[in-house]
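Reader: I am new to this structure. Can you show me how to read its features, one at a time?

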There are 8 protein chains.
Amino acid sequence: TRTGDPEVVYGAGKTPDQVVDLLRHLHTAHPDRAALATRLDATALDRVRAAFPEARLDEVAGTATLGPPPTPVGLVCVLAAGTSDARVAREAVHTVEAYGAGVRTITDVGVAGVHRLLAAKEEFDDADCLIVVAGMEGALPSVVGGLTGVPLVAVPTSVGYGASFGGLAALLGMLNSCAPGVVVCNIDNGFGAGVFAARVARRAHAGRGSAGAGETPNGETPNGAAR
Amino acid sequence: TRTGDPEVVYGAGKTPDQVVDLLRHLHTAHPDRAALATRLDATALDRVRAAFPEARLDEVAGTATLGPPPTPVGLVCVLAAGTSDARVAREAVHTVEAYGAGVRTITDVGVAGVHRLLAAKEEFDDADCLIVVAGMEGALPSVVGGLTGVPLVAVPTSVGYGASFGGLAALLGMLNSCAPGVVVCNIDNGFGAGVFAARVARRAHAGRGSAGAGETPNGETPNGAAR
Amino acid sequence: TRTGDPEVVYGAGKTPDQVVDLLRHLHTAHPDRAALATRLDATALDRVRAAFPEARLDEVAGTATLGPPPTPVGLVCVLAAGTSDARVAREAVHTVEAYGAGVRTITDVGVAGVHRLLAAKEEFDDADCLIVVAGMEGALPSVVGGLTGVPLVAVPTSVGYGASFGGLAALLGMLNSCAPGVVVCNIDNGFGAGVFAARVARRAHAGRGSAGAGETPNGETPNGAAR
Amino acid sequence: TRTGDPEVVYGAGKTPDQVVDLLRHLHTAHPDRAALATRLDATALDRVRAAFPEARLDEVAGTATLGPPPTPVGLVCVLAAGTSDARVAREAVHTVEAYGAGVRTITDVGVAGVHRLLAAKEEFDDADCLIVVAGMEGALPSVVGGLTGVPLVAVPTSVGYGASFGGLAALLGMLNSCAPGVVVCNIDNGFGAGVFAARVARRAHAGRGSAGAGETPNGETPNGAAR
Amino acid sequence: TRTGDPEVVYGAGKTPDQVVDLLRHLHTAHPDRAALATRLDATALDRVRAAFPEARLDEVAGTATLGPPPTPVGLVCVLAAGTSDARVAREAVHTVEAYGAGVRTITDVGVAGVHRLLAAKEEFDDADCLIVVAGMEGALPSVVGGLTGVPLVAVPTSVGYGASFGGLAALLGMLNSCAPGVVVCNIDNGFGAGVFAARVARRAHAGRGSAGAGETPNGETPNGAAR
Amino acid sequence: TRTGDPEVVYGAGKTPDQVVDLLRHLHTAHPDRAALATRLDATALDRVRAAFPEARLDEVAGTATLGPPPTPVGLVCVLAAGTSDARVAREAVHTVEAYGAGVRTITDVGVAGVHRLLAAKEEFDDADCLIVVAGMEGALPSVVGGLTGVPLVAVPTSVGYGASFGGLAALLGMLNSCAPGVVVCNIDNGFGAGVFAARVARRAHAGRGSAGAGETPNGETPNGAAR
Amino acid sequence: TRTGDPEVVYGAGKTPDQVVDLLRHLHTAHPDRAALATRLDATALDRVRAAFPEARLDEVAGTATLGPPPTPVGLVCVLAAGTSDARVAREAVHTVEAYGAGVRTITDVGVAGVHRLLAAKEEFDDADCLIVVAGMEGALPSVVGGLTGVPLVAVPTSVGYGASFGGLAALLGMLNSCAPGVVVCNIDNGFGAGVFAARVARRAHAGRGSAGAGETPNGETPNGAAR
Amino acid sequence: TRTGDPEVVYGAGKTPDQVVDLLRHLHTAHPDRAALATRLDATALDRVRAAFPEARLDEVAGTATLGPPPTPVGLVCVLAAGTSDARVAREAVHTVEAYGAGVRTITDVGVAGVHRLLAAKEEFDDADCLIVVAGMEGALPSVVGGLTGVPLVAVPTSVGYGASFGGLAALLGMLNSCAPGVVVCNIDNGFGAGVFAARVARRAHAGRGSAGAGETPNGETPNGAAR
Ligand SMILES: Nc1ncnc2c1ncn2[C@@H]1O[C@H](COP(=O)(O)O)[C@@H](O)[C@H]1O
Ligand SMILES: Nc1ncnc2c1ncn2[C@@H]1O[C@H](COP(=O)(O)O)[C@@H](O)[C@H]1O
Ligand SMILES: Nc1ncnc2c1ncn2[C@@H]1O[C@H](COP(=O)(O)O)[C@@H](O)[C@H]1O
Ligand SMILES: Nc1ncnc2c1ncn2[C@@H]1O[C@H](COP(=O)(O)O)[C@@H](O)[C@H]1O
Ligand SMILES: [Mg+2]
Ligand SMILES: [Mg+2]
Ligand SMILES: [Mg+2]
Ligand SMILES: [Mg+2]
Ligand SMILES: [Mg+2]
Ligand SMILES: [Mg+2]
Ligand SMILES: [Mg+2]
Ligand SMILES: [Mg+2]
């Protein structure tokens, strides 16, 4: 692992016991660093809670974090349309934190309600990098990309049915965005978006003077979901 | 043909001679009715111009109309993001006219420039039916659908490259629109959208009192392309 | 929500508790308006029944309606081939009702039994908008579209197997309909078709004189399924 | 080659010279048997005409036949919606003839004009096998299959655009036909359908008494294209 | 239903109670005719057995037949490579019987063991129609089609994994068969193949003299599965 | 256009005259700013050269730039495997320059020659953002992403044949990269990658002290293609 | 079965009883030869263990082997990135052994950690054939193929999510490998890769002098999984 | 390049001048080694012929070879059904030769004529590796793989139409082959198959005693195409 980055356990396809063992192993080897586990189902979360009472769990995201979080440097803003995309959005949030950037969450901003999005503009316009999560037609990144010049990472989700084809419609929509400078992650890959955005934010913020780094607001919007 | 509807020649896969022969045949049989030919290339348009000097041609749309247009009843509004979608948008415009409804065109309203779209809202909010044409990610119908309750027909275009897959990305985006009540036509099918929207508009307008029908503004927006 | 439209809860991916909470919240805030919940499984329907004894449930459709229905204006006709498409057809029916139009259902009219369809023609020819639901090859809209000039919304269903690919065959068939003026919704999207058709019907009927609106027959055909 | 079957040259991907050479070789080796060449473009047809003035060419089908045709046994009926599917329909017609069955052609019978199809029923109901050619949504076989119990081979064509995907929509529609007993060939494969149908017809007719075989009407319908 | 054809219940998506009710209804209305139910799972088969002790069940095929079978006319031969395709092959067998043709089954003849197939040639060469069932690469129809001129219906099955994509590989293979005259059904559609083949066989056999009809061997090959 | 960003003309689907007119219009309106035209074929490039002798053309990239380039801030590194991906790589290079960042190009570094890639590590490890261009299997971003923590934008190209499906294989490979933090653009979209990377680089570099900005090496590697 | 090759039972789609019966039948008929069963779930493994206490089971691979293994001739090396691909890799290992070649396993060598792969080069460079197993983007064969001239069989796995589409991304990546001489098996087909590689290895080794055959190291790497 | 392997120029996407320059460069640098250019169109072949009169060209394959060919070691056998697959088969043949193995070609052996294939068995059964080239349904490798235990590399070609989807049908068929031990290359990739097979053959033959290597018959079958 590159210095400063957290240890990570990808929980999909692993038994709860394997997850706990891996977390214990990593946490013991690097007690001074955060360890992040993603894609945990209810059983795995229970087992992690029992093994590490001090772990920080998010049942919506399916994530667990152990060990001291890095001091946040720079600010990532995560936007999502609604509750159905919350699992992916929160996976991104916790990944950003574990990779050492601050994070702000704005939810309930869908393309079919463009006025709410406009009202939130000043909340995302000062971020160092945006993560825009959307399912169904995946149009949100195009609209946001037209409102701001902040680097924007789009994450399609598998939310939808019928011709959504498990997130393919959203993925293709984002890849074909008419807003220049939109880049895309795999379907439901909040983790990948979080790693990338945190790297961008930390580099950007480093440049703005390290004094301010500790003060990065790691907050939420009034209509935002809990981090 | 149902009473009042125009005669139609679908030009794709036909030789210029076949198009002229069919138009002559239909126009002779029904001199009191409009005859519309679509999907004409430059050669076919030239041949039609030579054979019928009075024909109304649109080189961008690839269409030709012969014979008296019906009195427009009701109003359809056609929205498109830019010049690249103009061929499809204008095919829709001329179809609406031939099927007997008024039409207004609004262009240069893309999702990545949402303020221009908001500024145009009152121009499309009083229509009886909307046709929204878009390529690439096909997100425009979702945003328009969130701004108005007017029935909305979306037309994906084959404009794009790479993972646009000849309009598939826009088609899937529109089918998965999170704005309720968006319905969709085949890729590049301005004709089908025009037939449908004209039928809706004529029925709606019939109800508002026939006196106003002849006055339906068949106009353009300040930033609109020529019909 | 736009004035007059119902409040809607999309039940897919929500827990029964979330559905009940949302319905209660919406019903309390807008007691004078209908609230519609769709995509409810057996457990969710039971929980809604227990919480709101006055709710109108449809177990085939997986829908629940609370609060006073709007007075129906205009008439939508829903056609479907058989019992296998009933879930989607009834979702459309209840959506039309909640969005304020009258509705008539005609079932048992498949393309492989074209005489029954011809016999039903006068039952759908006076409607303001048609919703045609079909799975497998999705051919019904083409045949109906050839028999009538009423605006027609096609809904493909995921009924089928093998090369039906979860409704893709029906979707492609409908998008390529040779009957002009057929528009299409997402696979299984009875809700979207209902919203669109109700809007068309209310506009059309408004024009025919508001006196008649309350009299719109909200009935069934002799061979029709219950609404 | 099985006894009695014609010699066949598949012209796609061959130079005109190769086609002429192959035809000459086959015709010399089997002067008593028909030799059929398919998928010929204009140049190849010209070269064949020059080399074999007695050859029977069909410029629409892109086929050429040399040598004595077999006596037709049994009757195949080829149905197609319109001129755009004519190339494939005629390839089927000439293949049936070369493989020794009689053939009748019925055109201008699309699903969007079901009354014309009903009027033609008695023309196809006494055939031994049907070939139904259709592009776009490929719905014609379902409607025909609901009207008759004659074995029915469906041929999708690549006619269409957008989400027709080169004939895929028609192919999937036919494979998912709700009419029982519809079987399907590759896209544009009039040849394969002709081989199969001729075999079925000859076997069926053999059973009806060989006396009648020579009398099989090899005719056309009033609204039919030339064979 | 066309005279002489059986009554059919398609069990997929129906409850066991619905299947039993439909069978009872059809059997009571047409006691002199066979009634066939397909796609029955273990529970539905049990319920049918309890309700109709005289029903003929096939647990591999998932079918049940009630009432007097028609006298077989003509002969269909069903070929399949192995036990994994048995469900589809037997659905075809029972459909052929219910539609009034004789049937012979040849199994254990795969393309990777071409000598066994050659040894079985005389067992299928005298049939009136062949049904060839195969999964994975779906190559069997091409090899059989090269060995015989008997009309051949191919049925792809969903047997396979990975890039078989639920039977798509076999379907495409069969549609592209280089053996002329191969026609294809939907994936796993033994029923459709059976209906088609029985129709062909009955017509063929009618011509060979009705005296022999009752004698049609409805047998099995030495290495064949039970009908 | 956002302040400081260049004016851009997307040449695909535009006539050479339209390109020249648009460039002249933009250059006249904003003489102090760069104007970039992309996707120009040989004819369009010739017409641009004739109209604007001072334009900077790249025949491989199909781009033209007019007007004063912005002072480069920060450094983007573009990596590509070979000459076949050069068109896309150079479109990215010129876009980065027009959007105001420095750029370094490293070519001839494919996954099948991993030692050359390792040797180039120090040339890309100090960049602010990487653009990795690859066709065929699209594996290069995974290997590069494993060697460095610099933010990495992957661009699949349509280079390949057969199962490359026009760049789909490379696109899917990049979306599924096992290296964390790889984000992806549309197939052949060097422009989009350039916009994104320049934004990231400028923000990063701003933080490192503005004095150094003008000195950003805009160079090439020893084995690199010309910018 | 060809002389010397093992008897094989493909367990997918078979009941545990069928698996045990087939194994007993094969083992009794050929007591001197190995019998291999693949694709066994936990229940089938238990049943096999109970019936044949001497069987060699691998719970990760889902395989069971009975009877004397052949003397290994030649050496196959199986490479895989991690634990998620272990099921497929071990299926390949046991197949190689049953088909009579020696096998060495190298795991934990992914493309995002290219230095570990380089360190392992001498462990795979002396093999007679390589099997490279990878999911997600499937890039490992390209990198390995660039490091060695040993014949290389790539096996894509269904490990991944989203746009991995059940292994399609890895399959396409491998088919498009820029390393010359990479050949590919079906998704998850460790068995097929094992059969092929063992055949290659045995032929290669035969040529090196039969004396050494018995000495082929059938070992593991320090960081390798158990055979 | 690995010692002994030829220098290779991939001609697709290169101008004739680039091809000639690369060949000259490679040939000058390695005068003792073969240089192979593939995917050359007619113009490129002419230019190569003019520049290097001593070059060995194959107009069907689109290849050119310069410099001394390596002494053939071992024997590869290339099988193909017919003339339509000849381009790919011959690309494989010349690649095998350039990579140092002997090669024998067997053509006119399709699955629909299985007796000719059986008759050729002894011609391919003694080879060290087989390359089986087939388009359309791609079934030939399954049948060959059932007849022999020689390692078999399958190459799908893009020959076909309609649902062949540019070779996808053949590719999927080969990947799903029921014959164990079939491995697959990209569509039309005769080059890749040739590299792999030559490597296998040289290793196998090395073991059989180097004396015989020079004698490897590099011949053709009686019914074979020229190499
Ligand atoms: N642009 C279009 N796209 C699809 N269908 C069209 C188009 N233009 C005309 N049509 C249809 O084509 C029919 C005429 O086809 P045809 O008889 O081949 O000229 C009309 O009745 C329309 O239904
Ligand atoms: N296995 C099957 N696959 C497809 N269609 C079937 C099958 N079995 C029966 N059918 C069709 O389903 C119809 C009866 O459907 P239902 O009225 O829903 O029971 C029959 O008339 C057949 O056309
Ligand atoms: N190569 C390219 N690929 C995709 N989009 C581009 C490309 N070049 C320019 N653009 C976009 O196209 C817009 C200009 O489009 P237009 O007005 O049609 O010339 C620019 O603002 C960019 O967002
Ligand atoms: N027909 C072919 N298909 C795929 N790859 C090829 C082919 N011919 C040559 N190659 C590969 O292309 C490389 C040369 O590419 P280039 O340097 O672009 O000429 C060779 O080393 C081969 O690996
Ligand atoms: Mg969304
Ligand atoms: Mg657009
Ligand atoms: Mg249906
Ligand atoms: Mg058609
Ligand atoms: Mg099979
Ligand atoms: Mg590449
Ligand atoms: Mg992997
Ligand atoms: Mg072939």
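Reader: How many residue pairs are in polar contact across the interface of chain B and chain C?

Author: Keep in mind that this is a predicted model. To read polar contacts, look for pairs of N or O atoms within 3.5 Å. Across the interface of chain B and chain C, the rule finds 5 such residue pairs, both residues at pLDDT 80 or more.

Reader: How many salt bridges does the rule find across the interface of chain B and chain C?

Author: Here the rule finds 0 salt bridges between chain B and chain C.

Reader: Which elements of chain B supply at least two residues each to the side that touches chain C?

Author: Go along the chain. In chain B they are α6 (140-147), β8 (152-156), α7 (168-175), β9 (182-184) and α8 (190-207). The most comes from α8(B), with 10 residues.

Reader: What classes of residue make up the side of chain B that touches chain C?

Author: Sort them by class. That side of chain B has 17 nonpolar, 9 polar and 5 charged residues.

Reader: How many residues does each chain bring to the contact, and what area do chain B and chain C bury?

Author: Chain B gives 31 residues and chain C gives 31 residues. Together they bury about 2,600 Å², with 59% of it on carbon and sulfur atoms. Now see who supplies the area. L175(B), F196(B) and R203(B) account for 26% of what chain B buries against chain C, more than any other three residues.

Reader: Let us turn to a ligand. Which residues surround ligand 4?

Author: Check the chain letter of each neighbour. Y161(F) and P180(G) are on the list. From chain H come V8(H), V9(H), Y10(H), K14(H), T38(H), R39(H), E91(H), N189(H) and F191(H). The site is shared between chains, because residues from chains F, G and H surround ligand 4.

Reader: Which strand gives the largest share of the shell around ligand 4?

Author: Strand β1 (residues 7-10) of chain H does, with 3 residues. By class, the shell around ligand 4 has 6 nonpolar, 2 polar and 3 charged residues.

Reader: Where do polar atoms of the protein lie relative to ligand 4?

Author: Note which atom is paired with which. A polar backbone atom of Y10(H) is 2.7 Å from an oxygen atom of ligand 4. The side chain of T38(H) places a polar atom 2.7 Å from a nitrogen atom of ligand 4. For R39(H), an N or O atom in the side chain is 3.4 Å from a nitrogen atom of the ligand.

Reader: What percentage of the accessible area of ligand 4 does the protein cover?

Author: Start from ligand 4 on its own, with 510 Å² of accessible area. The protein covers 71% of that.

Key: Residues numbered from 1 in each chain as written. Chains lettered and ligands numbered in written order. Predicted model: local features only at pLDDT ≥ 70, side-chain atom pairs only at ≥ 80, totals over all residues. Heavy atoms only, no water. Contact = heavy atoms within 4.5 Å. Buried area = accessible area lost by both parts, 1.4 Å probe. Salt bridge = Lys/Arg side-chain N within 4 Å of Asp/Glu carboxyl O. Polar contact = N/O pair within 3.5 Å; in protein donor to acceptor, adjacent residues only side chain to side chain. Helix = DSSP H or I, 4+ residues; strand = E, 2+ residues; numbered from the N terminus. Nonpolar A, V, L, I, M, F, W, Y, C, P; charged D, E, K, R; others polar. Near = heavy atom within 4 Å. Areas by Shrake-Rupley, 256 points an atom, 1.4 Å probe, with all protein chains shown as cover.
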